[in-house]
Amino acid sequence: KNDNNALPLAPTSKVALFGNSSYDLIAGGTGSGNVNKKYVVSLDQGLSAAGFVLDDSLKKSYTQFILEQKAKRGKTPAFMLPPPIPEMPLEMGRLQQLANDADVAVITVGRNSGEFSDRKVENDFTLAPSERAFIENVSNTFHTKGKKVIVVLNVGGPIEVTSWRAMVDAVLLAWQPGQDGGHAITDVLSGKVNPSG
(Lines give C-alpha, C1' and ligand atoms only; values in the text may rest on other atoms or scores of the structure.)
Protein backbone atom coordinates (compact mmCIF):
# COMPACT_ATOMS: atom_id res chain seq x y z
CA LYS A 1 0.00 0.00 0.00
CA ASN A 2 1.25 3.49 -0.81
CA ASP A 3 -1.36 6.25 -0.55
CA ASN A 4 -0.65 9.81 -1.68
CA ASN A 5 3.02 9.09 -2.39
CA ALA A 6 3.86 8.41 1.24
CA LEU A 7 6.84 6.52 -0.17
CA PRO A 8 9.58 7.02 -1.08
CA LEU A 9 10.75 8.99 1.94
CA ALA A 10 12.25 12.37 1.17
CA PRO A 11 16.06 12.36 1.49
CA THR A 12 17.37 13.25 4.96
CA SER A 13 13.87 13.09 6.47
CA LYS A 14 13.58 13.12 10.25
CA VAL A 15 12.08 9.72 11.05
CA ALA A 16 10.33 8.72 14.27
CA LEU A 17 11.10 4.99 14.26
CA PHE A 18 8.80 2.79 16.35
CA GLY A 19 8.57 -0.94 17.06
CA ASN A 20 10.91 -3.43 18.70
CA SER A 21 11.99 -5.01 15.43
CA SER A 22 13.07 -1.62 14.08
CA TYR A 23 15.98 -1.95 16.49
CA ASP A 24 16.12 -5.76 16.79
CA LEU A 25 15.46 -6.96 13.23
CA ILE A 26 14.17 -10.49 12.72
CA ALA A 27 16.62 -11.55 10.00
CA GLY A 28 15.36 -15.14 9.72
CA GLY A 29 13.22 -17.72 11.45
CA THR A 30 14.16 -20.58 13.74
CA GLY A 31 15.30 -24.11 12.98
CA SER A 32 15.78 -24.64 9.25
CA GLY A 33 14.26 -21.20 8.72
CA ASN A 34 17.25 -19.62 10.44
CA VAL A 35 19.80 -17.47 8.65
CA ASN A 36 23.49 -18.10 9.34
CA LYS A 37 24.76 -14.60 9.83
CA LYS A 38 27.92 -12.80 10.96
CA TYR A 39 25.93 -9.70 11.91
CA VAL A 40 22.48 -8.18 11.51
CA VAL A 41 21.90 -4.65 10.21
CA SER A 42 18.79 -3.33 11.96
CA LEU A 43 16.41 -0.86 10.32
CA ASP A 44 17.65 2.03 12.47
CA GLN A 45 21.22 1.31 11.31
CA GLY A 46 20.12 1.11 7.68
CA LEU A 47 18.20 4.39 7.84
CA SER A 48 21.05 6.19 9.61
CA ALA A 49 23.62 4.93 7.09
CA ALA A 50 21.44 6.29 4.25
CA GLY A 51 21.34 9.79 5.79
CA PHE A 52 17.96 9.75 7.51
CA VAL A 53 17.81 11.47 10.89
CA LEU A 54 16.47 9.39 13.79
CA ASP A 55 15.47 10.46 17.28
CA ASP A 56 18.36 9.32 19.47
CA SER A 57 16.38 9.31 22.72
CA LEU A 58 13.77 7.00 21.16
CA LYS A 59 16.53 4.63 20.02
CA LYS A 60 18.02 4.58 23.52
CA SER A 61 14.62 3.86 25.06
CA TYR A 62 13.94 0.94 22.69
CA THR A 63 17.46 -0.50 23.07
CA GLN A 64 17.23 -0.44 26.88
CA PHE A 65 13.69 -1.84 26.87
CA ILE A 66 14.65 -4.73 24.55
CA LEU A 67 17.70 -5.62 26.66
CA GLU A 68 15.64 -5.64 29.86
CA GLN A 69 12.85 -7.74 28.33
CA LYS A 70 15.28 -10.31 26.86
CA ALA A 71 16.99 -10.67 30.25
CA LYS A 72 13.64 -11.46 31.88
CA ARG A 73 12.64 -14.32 29.60
CA GLY A 74 15.40 -16.77 30.50
CA LYS A 75 16.85 -19.58 28.39
CA THR A 76 14.90 -20.89 25.39
CA PRO A 77 15.17 -24.61 24.49
CA ALA A 78 17.08 -25.38 21.28
CA PHE A 79 15.12 -24.78 18.07
CA MET A 80 12.21 -23.21 19.92
CA LEU A 81 11.04 -19.63 19.56
CA PRO A 82 11.69 -17.36 22.52
CA PRO A 83 8.52 -15.66 23.74
CA PRO A 84 7.97 -12.37 21.89
CA ILE A 85 8.82 -9.13 23.63
CA PRO A 86 5.77 -6.90 24.22
CA GLU A 87 5.88 -3.62 22.36
CA MET A 88 7.32 -0.76 24.38
CA PRO A 89 4.59 1.56 25.66
CA LEU A 90 4.93 5.29 24.96
CA GLU A 91 3.27 8.10 26.87
CA MET A 92 0.99 10.36 24.83
CA GLY A 93 3.03 13.45 25.68
CA ARG A 94 6.19 11.91 24.30
CA LEU A 95 4.37 10.71 21.20
CA GLN A 96 3.12 14.24 20.55
CA GLN A 97 6.64 15.63 20.94
CA LEU A 98 7.97 13.08 18.46
CA ALA A 99 5.21 14.04 16.01
CA ASN A 100 6.23 17.68 16.37
CA ASP A 101 9.90 16.97 15.73
CA ALA A 102 9.78 14.28 13.02
CA ASP A 103 8.73 14.46 9.37
CA VAL A 104 7.32 10.93 9.22
CA ALA A 105 6.58 7.93 11.44
CA VAL A 106 7.79 4.43 10.58
CA ILE A 107 6.41 1.54 12.67
CA THR A 108 7.86 -1.96 12.33
CA VAL A 109 5.68 -4.93 13.24
CA GLY A 110 7.72 -8.08 13.87
CA ARG A 111 6.75 -11.75 13.89
CA ASN A 112 9.05 -14.75 14.09
CA SER A 113 8.26 -18.36 13.24
CA GLY A 114 10.02 -21.66 12.70
CA GLU A 115 10.02 -25.38 13.25
CA PHE A 116 8.44 -27.28 16.15
CA SER A 117 5.62 -24.85 16.91
CA ASP A 118 2.60 -23.67 14.97
CA ARG A 119 1.64 -20.04 14.72
CA LYS A 120 -1.45 -18.84 16.53
CA VAL A 121 -4.30 -16.66 15.27
CA GLU A 122 -4.57 -14.28 18.24
CA ASN A 123 -1.66 -11.89 18.79
CA ASP A 124 0.35 -13.51 15.99
CA PHE A 125 -1.63 -13.70 12.73
CA THR A 126 -3.67 -10.81 14.11
CA LEU A 127 -2.20 -7.82 15.88
CA ALA A 128 -2.27 -7.85 19.65
CA PRO A 129 -4.76 -5.28 21.00
CA SER A 130 -1.82 -3.22 22.32
CA GLU A 131 -0.17 -3.21 18.86
CA ARG A 132 -3.37 -2.11 17.14
CA ALA A 133 -3.92 0.64 19.73
CA PHE A 134 -0.32 1.78 19.29
CA ILE A 135 -0.66 2.03 15.49
CA GLU A 136 -3.90 3.94 15.96
CA ASN A 137 -2.32 6.37 18.48
CA VAL A 138 0.73 7.01 16.30
CA SER A 139 -1.43 7.47 13.20
CA ASN A 140 -3.87 9.86 14.87
CA THR A 141 -1.05 11.91 16.41
CA PHE A 142 1.01 12.19 13.22
CA HIS A 143 -1.99 12.70 10.91
CA THR A 144 -3.21 15.55 13.11
CA LYS A 145 0.05 17.29 12.25
CA GLY A 146 -0.27 16.44 8.55
CA LYS A 147 2.47 13.81 8.64
CA LYS A 148 2.54 10.34 7.11
CA VAL A 149 2.73 6.95 8.83
CA ILE A 150 4.42 3.91 7.26
CA VAL A 151 4.27 0.34 8.59
CA VAL A 152 7.02 -2.18 7.79
CA LEU A 153 6.08 -5.84 8.24
CA ASN A 154 9.16 -7.80 9.40
CA VAL A 155 7.40 -11.18 9.33
CA GLY A 156 8.06 -14.78 8.37
CA GLY A 157 4.52 -15.57 7.24
CA PRO A 158 1.11 -14.05 6.58
CA ILE A 159 -0.34 -11.46 8.94
CA GLU A 160 -3.79 -9.86 9.01
CA VAL A 161 -3.81 -6.27 7.75
CA THR A 162 -7.40 -5.67 6.60
CA SER A 163 -8.66 -4.41 9.97
CA TRP A 164 -5.97 -1.72 10.41
CA ARG A 165 -4.37 -0.82 7.06
CA ALA A 166 -6.73 2.15 6.55
CA MET A 167 -5.13 3.84 9.58
CA VAL A 168 -1.74 4.21 7.85
CA ASP A 169 -0.48 5.70 4.61
CA ALA A 170 1.85 2.92 3.44
CA VAL A 171 2.55 -0.72 4.23
CA LEU A 172 5.77 -2.45 3.15
CA LEU A 173 6.04 -6.23 3.40
CA ALA A 174 9.74 -6.80 4.15
CA TRP A 175 9.51 -10.45 5.28
CA GLN A 176 12.61 -11.68 7.19
CA PRO A 177 15.29 -10.09 5.02
CA GLY A 178 18.59 -11.60 6.24
CA GLN A 179 21.71 -10.07 7.74
CA ASP A 180 21.68 -6.87 5.65
CA GLY A 181 17.94 -6.40 6.09
CA GLY A 182 18.19 -2.86 7.46
CA HIS A 183 19.98 -1.71 4.31
CA ALA A 184 17.60 -3.60 2.03
CA ILE A 185 14.45 -2.18 3.68
CA THR A 186 15.95 1.32 3.59
CA ASP A 187 16.66 0.95 -0.14
CA VAL A 188 12.92 0.37 -0.67
CA LEU A 189 11.74 3.10 1.72
CA SER A 190 14.07 5.63 0.10
CA GLY A 191 13.09 4.69 -3.45
CA LYS A 192 16.58 3.49 -4.36
CA VAL A 193 14.96 0.26 -5.52
CA ASN A 194 11.41 -0.57 -6.60
CA PRO A 195 9.84 -3.36 -4.50
CA SER A 196 7.50 -4.45 -7.30
CA GLY A 197 9.78 -7.26 -8.45
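Which helix and which strand each supply at least two residues of the lining of the largest cavity? Strand 3 (104-110) and helix 6 do. The model discussed here is predicted.

## The cavity

One cavity of 30 Å³ or more turns up when the whole structure is searched. The space in this largest cavity comes to about 50 Å³. Its lining consists of Gly19, Glu87, Ile107, Thr108, Val109, Glu131, Phe134 and Ile135. Sorted by class, these are four nonpolar, two polar and two charged residues.

Phe134, one of the lining residues, is buried, with a relative accessible area of 13%. Phe134 also takes part in the ring contacts described next.

## Aromatic pairs

There are three aromatic pairs in the structure. In one of them, Phe18 and Phe134 meet edge-to-face, with 5.6 Å from centre to centre and 75 degrees between the planes. This pair links distant parts of the chain: Phe18 belongs to strand 1 (residues 14-18) and Phe134 to helix 6 (residues 129-144), 116 residues apart.

Phe18 also pairs with Phe142, again edge-to-face. Here the centres are 6.2 Å apart and the planes stand at 85 degrees. Because Phe18 lies in strand 1 and Phe142 in helix 6, this pair ties together parts that are 124 residues apart in sequence.

## The ring cluster

Through these ring pairs, Phe18, Phe134 and Phe142 are linked into a cluster. Phe18 is buried, at a relative accessible area of 0%. Phe142 is likewise buried, with a value of 0%. For Phe134 the relative accessible area is 13%, which falls under the 20% limit for a buried residue.

## The largest pocket

The largest pocket holds about 1,000 Å³ of space. It is lined by 38 residues, and the closest to its centre are Ile26, Pro82, Pro84, Ile85 and Asn112. By class the lining has 12 nonpolar, 14 polar and 12 charged residues.

Three helices each supply at least two residues of this lining: helix 1 (20-23), helix 5 (121-125) and helix 6. Helix 6 thus recurs across the features described: it contributes to the lining of the largest pocket, it contributes to the lining of the largest cavity, and it carries Phe134 and Phe142.

Notes:
Residues are numbered from 1 along each chain as its sequence is written. This is a predicted model: local features need pLDDT of at least 70, side-chain atom pairs count only at pLDDT 80 or more; totals for chains, interfaces and linings use all residues. Side-chain values use heavy atoms; hydrogens and water are left out. Rings of Phe, Tyr and Trp (its six-membered ring) pair if their centres lie within 6.5 Å; planes under 30 degrees apart count as stacked, over 60 as edge-to-face and the rest as tilted. Helices (H or I, at least four residues) and strands (E, at least two) are DSSP runs, numbered from the N terminus. Buried means under 20% relative accessible area, exposed over 50%, partly exposed in between (1.4 Å probe, protein chains only). On a 1 Å grid over the protein atoms alone, a cavity is a set of points where a 1.4 Å probe fits but cannot get out, and a pocket is an open set with protein on both sides within 12 Å along at least five of seven lines; lining residues have an atom within 4 Å of a point. Grid points are joined across faces, edges and corners, and a volume is the space filled by probe spheres set on the points. Ala, Val, Leu, Ile, Met, Phe, Trp, Tyr, Cys and Pro count as nonpolar, Asp, Glu, Lys and Arg as charged, and the others, Gly among them, as polar.
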